[in-house]
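Me: I would like a close look at a single part of this model, followed by its surroundings. Please keep the account plain.

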Amino acid sequence: MPGRNRTPLAELPVGPGDAGQHHSSPTPGATAGTPHRNVLGPRLIHSPTANIPDSILTPTLSPEEMVIRQRGRRRRTVIWSPDHRPLPSSPMKTPTKNISTMTLRSSPRKRSLMQEFADVPSTSGYSSSPSKRPQTARMSVGDSPGTSYPGKKPRLEATAMNRQNAAIPLETILKGYSREQLIGIIGSMVAKNEQLEGSVRRELPLPDVAPLDAELARIKKNIYASVPNQKFFSRTDGHGFLRAATHLATFKQTVHSQSQNLYASRHWDALLDYVLMAWTHVRETPVYESDKHNATRRYCFKLLAHHASTALKHGALGLGTERVARFQQKLPCMVADFAEIGECSRCIEYIMKGF
């Protein structure tokens, strides 16, 4: 086409001074006096707020917003130490701990140590308490060491207490002593008085085996109580032994300690009576299916048989006819339980010939 000076879709030349000028259009039919709209004017493209009212661009601030902006951002103080500002007083105050409360809550070992340190006199003047300084000053003026002051409490000394009080029975006082203490008291009294020793020997009774019997009965009851008697549960199998093993060990130890005590004290008559009594309890202990689980039962029988033989040999005629005859009467049943006790029959025959 004649008259076309640019390529299609080319940009229109717009200069900085061409905002108010009109360019000729290449469109056919356009005249030079026809005004054209400047679509790509710099004011419309780079300044979009030309047609927006100023009231929208700069809105008025509310009073609250103005106060917030005037206050500014809160700044934290760069102080690494804790704040020591006084806190407001509160009507509810936590009670303060005193020395007595801390002492009561401490351990017994700590309290004993604190008491020991308090009783030790200080060697330097720095550790002395103010309450003791006036007293030290008064004594240094010229008072004697034995001078007593009205405000000072007298020190309690160990006294006989109720041991010298005749209103309390002697039996009640003796119950508080151990066996070793009673043995020492009686031994010191009769050490230099043979007549008193003879009278004490004549008054000594036969050792009572009834408390020993009650103790063995209690342990035997615990053995059976550890394994309940149920329909589909056996007391004599391995499971029943494991449940009663602790009580069986206690029973064994009790028989050993009781018989050993009578043997060490040379009470042959009481030892023979104990063998007859304890043999019945050992016989009533459970007999288990496994032979190794009956070791406690065999040990007790063997120990009692040994003590029976020893009592018959050392006691001899001093045991009395009635006691030896009672033992001889029960011997066949005891042999059925443990055959080694049959050796006591020869001792019994020898003793019976002496009566």
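Which residues does phenylalanine 327 touch, not counting residues up to four places away in sequence?

Reply: This is a predicted model, in which local features need pLDDT of at least 70 and side-chain atom pairs count only at pLDDT 80 or more, while totals for chains, interfaces and linings use all residues. Residues are numbered from 1 along each chain as its sequence is written, and side-chain values use heavy atoms, with hydrogens and water left out.

Phenylalanine 327 touches Leu272, Val275, Leu276, Ala308, Leu312, Met334, Ile341, Cys344 and Ile348, leaving aside residues up to four places away in sequence. Contact here means heavy atoms within 4.5 Å.

Phe327 also belongs to the largest nonpolar core, which has 42 residues. Such a core is a set of buried Ala, Val, Leu, Ile, Met, Phe, Trp, Tyr and Cys residues joined through side-chain atoms within 4.5 Å. Buried means under 20% relative accessible area, exposed over 50%, and partly exposed in between, with a 1.4 Å probe and protein chains only. The residues with the most contacts inside this core are Phe251, Val255, Tyr274, Leu304, Leu312, Phe327 and Ile341. Two or more residues each come from helix 10 (210-226), helix 11 (238-264), helix 12 (268-283), helix 13 (295-315), helix 14 (321-337) and helix 15 (344-354). Helix 12 gives the largest share, 11 residues. Helices (H or I, at least four residues) and strands (E, at least two) are DSSP runs, numbered from the N terminus. In soluble globular proteins, nonpolar side chains tend to be buried together.

For the chain as a whole, the secondary structure comes to 15 helices and 0 strands. Buried residues make up 19% of its 355 residues. Among contacts between residues at least 6 apart in sequence, 60% join residues at least 24 apart.

Serine 259 lies in helix 11 and counts as buried because its relative accessibility is 1%. Apart from neighbours within four places in sequence, serine 259 is in contact with Leu271, Tyr274, Leu303 and His307. Its C-alpha is 9.7 Å from that of leucine 212, with the two positions 47 residues apart in sequence numbering.

Two loops hold residues with positive phi. Arginine 266, in the loop between helix 11 and helix 12, has phi near 60° and is exposed, at 51% relative accessible area. Alanine 316 is found in the loop between helix 13 and helix 14; its phi is about 50°, and with a relative accessible area of 24% this alanine is partly exposed.

Phe251 of the core also lines the largest cavity, along with Leu248, Thr285, Pro286, Tyr288, His293, Asn294, Thr296, Arg297 and Cys300. On a 1 Å grid over the protein atoms alone, a cavity is a set of points where a 1.4 Å probe fits but cannot get out, and lining residues have an atom within 4 Å of a point. Grid points are joined across faces, edges and corners, and a volume is the space filled by probe spheres set on the points. The search of the whole structure finds 1 cavity of 30 Å³ or more, and the largest holds about 70 Å³ of space. Helix 13 gives the most to its lining, with 3 residues.

Note on methods: On a 1 Å grid over the protein atoms alone, a cavity is a set of points where a 1.4 Å probe fits but cannot get out, and a pocket is an open set with protein on both sides within 12 Å along at least five of seven lines; lining residues have an atom within 4 Å of a point.
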